[in-house]
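Here are a few exercises to work through with the model open in your viewer. Try each task before you read its solution.

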Amino acid sequence: MAATPRFRKNAVDASAAEAGTSGEPGGGTHPVDETLPPLRMFTSGLQHVAAMYAGVVAPPMIVGPAVGLGVKETAFLMGASLFTAGIATLLQTLGFWRIGARLPFVNGVSFAGVTPMIAIGKDRGHDGIAVIFGAIIVAGLLGFVLAPYFCKLVRFFPPVVTGTVITLIGVSLLPVAFNWSQGGNETAGDYGSTTNILMAAVTLVIVLALRKLLRGFLQQIAILLGLVVGTLIAIPAGITDFGALGDADVVGFPTPFHFGAPQFEIAAIISMCIVMLVCMTESTADMLALGKIVGRPADERTIEGGLRADTLGSAISPLFNGFMCSAFAQNIGLVAMTKVRSRFVVAAGGVILVLLGLVPVAASVIALVPLPVLGGAGIVLFGSVAASGIQTLAAAALEKGENALIVAAAVGIGLIPIAAPDFYHAFPDDLLVVLDSGISTGCVVAIVLNLAFNHWGRTPDTGPDGEAVEGEPQEDSRALPVAH
């Protein structure tokens, strides 16, 4: 019997060495490493910023008032979050040493930490923010140390797992788009109004029409063009708010430790370390999804570098008054839709984020895009991620073994926080950090069931050529690894 195939740690690198330094046949430049003309680089990068902007500023917008900060101080937190998201994105895309996935991978403030941060700092003002920042620093440093070990989990992500997780990422993001389409603020009088929903529908139709009618570069920035046209239409509809533009400062630097020196409390540190592990799990899944989409599957070294960038970005973020950073899955949908795979485009988006953090008035211009307009475009973006997951599942040999059962259970459990948000209301708050993330719970379930059904307690079957068959087709060295 032939030996069971083993996961090749740097299979992608090996393939690249055989084909050329870039990983393309004949040594050509891989699309991930392509540099585009300046105008295309800027507009495509701006499109990424537009897709993620609301997600970056929402956590500080929620946490600021909860800990007792005023409007101006909350706005300062929002600018700092843009600035630190830009730094973290540059670490991911450009990288140095063994830091950075060097994929078109966007980083921003993690929603996973919002509830624990509110619990830590509620009504404590500057002291609450200082305790939050101290806990994030420790959690970031711990994650940085764990990255070389955590990345080895990639061997437990065969197609049946990655396809499930990618699908859950897309489906989990769709409620965000639906919320934006209704107005984004459930307490507002016009939340869910006919005007808001029609504006989202109009934007959705515009984006689809532009994708159908345009060609070349204009087709690639259809999302950005749709946002611009949708915003212009929203002005006479009365849902575009120009107030932020008038109140914003022209220039403003996120002064280091603006809220005081970080404070370290054990309970807060433990809570944020749990959040960090959740973020690392989601980032691993996101890197695998993005690697599949751009044609450069993520191996252990790529994921190790990506996790180091995540955690280092999180550790230095509080220095500039920012929160924990993690992957932004909505931008994966943008890459899948536009087919623009250059990491330098996303790096340009990182530069734009840094500038927005330094020039609040410029950030306010981006903020002019009404949430219903962003929601209409978000339906396409997030749906594209789910479609990529379904495409991966189509190649996961669901007809063999119990793979279909694995997908059914993982997707079902992963959808609980979406379909029944109060399902876990009686559980301890610390557990809710994990349970309220359908991506994390679905990912864990898929991994455990794949091990239980396809690995533990059974001898792999062998095919006619003597190679192992474990319910899933063996893939080439550039494909996602199969667990052994």
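**Exercise 1. Place asparagine 321 and describe its backbone and burial.**

Start with the location: Asn321 sits in the loop between α12 (300-316) and β2 (325-327). Keep in mind that this is a predicted model. Next, check the backbone: Asn321 has a positive phi of about 70°, even though it is not a glycine. That's worth a second look, since most residues other than glycine have a negative phi. Finally, burial: the relative accessibility of Asn321 is 0%, so it counts as buried.

**Exercise 2. Do the same for phenylalanine 257: is it buried or partly exposed?**

Phe257 also belongs to a loop, the one between α10 (243-247) and α11. Its phi is positive too, about 50°, and Phe257 is not a glycine either. Now the accessibility: buried means under 20% and exposed means over 50%. Phe257 comes out at 32%, so it is partly exposed.

**Exercise 3. Find the largest nonpolar core and the residues that hold the most contacts in it.**

Begin with the overall picture: of the 484 residues in the chain, 55% are buried. The largest nonpolar core has 101 residues, and Ile132, Met272 and Phe323 touch the most other members. Helix α11 (residues 266-294) is the top contributor to this core, giving 14 residues. Then zoom in on Met272: setting aside neighbours within four places in sequence, its contacts are Pro116, Met117, Ile120, Ala135, Ile136, Ala139 and Met324. Last, look for a separate core: there is a second one, of five residues, including Leu36, Met41, Val345 and Ala348.

**Exercise 4. How many disulfides does the chain have?**

The test is two cysteine sulfur atoms within 2.5 Å. Applying it gives zero disulfides. Take Cys325 as a check: the nearest cysteine sulfur belongs to Cys279 and lies 9.3 Å away, and Cys325 is in no disulfide. Cys325 is buried, as its relative accessibility is 1%. Cys151 is buried as well, with a relative accessible area of 1%.

**Exercise 5. Which residues make the nonpolar surface patch of about 360 Å²?**

Select Val228, Leu232, Ile235 and Phe242: together they make the patch. Now follow one of them, Ile235, which is in helix α9 (residues 222-237). With 39% relative accessibility, Ile235 counts as partly exposed. For the wider surface, the chain has about 19500 Å² of accessible area, and 66% of that belongs to carbon and sulfur atoms.

Key
Residues numbered from 1 in each chain as written. Predicted model: local features only at pLDDT ≥ 70, side-chain atom pairs only at ≥ 80, totals over all residues. Heavy atoms only, no water. Patch = residues over 30% accessible without salt bridge, like charges linked within 9 Å, V, L, I, M, F, W, Y side chains within 5 Å. Areas by Shrake-Rupley, 256 points an atom, 1.4 Å probe, with all protein chains shown as cover. Salt bridge = Lys/Arg side-chain N within 4 Å of Asp/Glu carboxyl O. Helix = DSSP H or I, 4+ residues; strand = E, 2+ residues; numbered from the N terminus. Buried < 20%, exposed > 50% of the residue type's maximum accessible area, 1.4 Å probe, protein only. Core = buried A, V, L, I, M, F, W, Y, C linked by side-chain atoms within 4.5 Å. Contact = heavy atoms within 4.5 Å.
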